[in-house]
Amino acid sequence: MKAFVRGLLARAYEVPKIQTKVSASFGCVTSPPPPEKGLENLTVADVLSTKDADVDTWISCRTNDTVSDAVKNMAKHNIGSLVVLKPGDQQYIAGIVTERDYMKKIIGAGRSSKLTKVGDVMTDESKLVTVSSGTNIIKAMQLMSENHIRHVPVIDGKIVGLISMVDVVRAIVDHQNGELKRLNEFIKGDYY
């Protein structure tokens with residue numbers, strides 16, 4: 001996985017060269033349409049906007065919920081983490097609870113998930129790695145890779161979403177596939 005991420009990061013900063021086309025018969029210079037947004041300008045907000053609009057980009061629980069209920073919620077939605085909200089506040093984050101927290105702090109420690117509260121096993125907000133919606137996706141990927149995490153809350157004063165390593169990799173691969181398609185069209189002469 002680390003080699004894959006390093007390869008993506010290396011390719012992210014390559015800038016394709018686009019040349020202008022001079023038409024000899026008409027004596028005019030034309031240039032291709034403006035390029036798509038480059039990876040250096042692709043943000044977390046762009047990734048969030050590609051997520052299913054009918055589904056929240058994050059699912060939550062409360063600090064006083066049981067770990068058993070939180071894990072059932074993750075299984076129900078086929079996700080690996082839940083945003084943990086502060087009691088009484090709708091969008092103020094207290095932390096995050098993940099499958100890894102469940103495995104290490106409940107199963108590994110021999111604790112009961114039905115008797116343990118999420119607040120006892122979650123990653124607290126003081127230790128939480130977060131990004132803003134304006135964060136570059138390459139930077140978000142680096143943060144996740146360096147901290148060995150797969151899910152990062154998106155905070156703009158309050159929580160606005162959650163992105164995963166899968167979301168970021170998918171955005172980069174989609175961007176590179178689009179760039180490859182545009183370059184192939186350019187080579188074939190179908191660009192105009």
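**Exercise 1.** In this predicted model, find what joins the side chains of Lys181 and Glu185, and decide whether each residue is buried, partly exposed or exposed.

*Solution.* Begin with the contact itself: the side chains of Lys181 and Glu185 meet in a salt bridge, with 4.0 Å from N to O. Next, place the two residues along the chain, where Lys181 and Glu185 both belong to helix α7 and stand four residues apart, which is about one turn of the helix. Finally, turn to accessibility: Lys181 has 52% relative accessibility and therefore counts as exposed, because exposed means over 50%, whereas Glu185, at 26%, counts as partly exposed.

**Exercise 2.** Work out how Asp167 and Arg170 are placed in their helix, and which accessibility class each residue falls into.

*Solution.* First, note that Asp167 forms a salt bridge with Arg170, in which the closest N and O atoms are 3.8 Å apart. Then locate the pair, since both residues lie in helix α7, which covers residues 165–188, and they are three residues apart, about one helical turn. As a last step, compare the accessibilities with the cut-offs: Asp167 is at 13% and so counts as buried, because buried means under 20%, while Arg170, at 47%, counts as partly exposed.

**Exercise 3.** Determine how far apart N and O are in the salt bridge of Arg182 and Glu179, and whether these residues are buried or exposed.

*Solution.* Start from the side chains of Arg182 and Glu179, which meet in a salt bridge with an N to O distance of 3.0 Å. These two residues are separated by about one helical turn because they are three residues apart in helix α7. To finish, read off their accessibility class, which is buried for Arg182 and likewise for Glu179.

Notes. Residues are numbered from 1 along each chain as its sequence is written. This is a predicted model: local features need pLDDT of at least 70, side-chain atom pairs count only at pLDDT 80 or more; totals for chains, interfaces and linings use all residues. Side-chain values use heavy atoms; hydrogens and water are left out. Buried means under 20% relative accessible area, exposed over 50%, partly exposed in between (1.4 Å probe, protein chains only).
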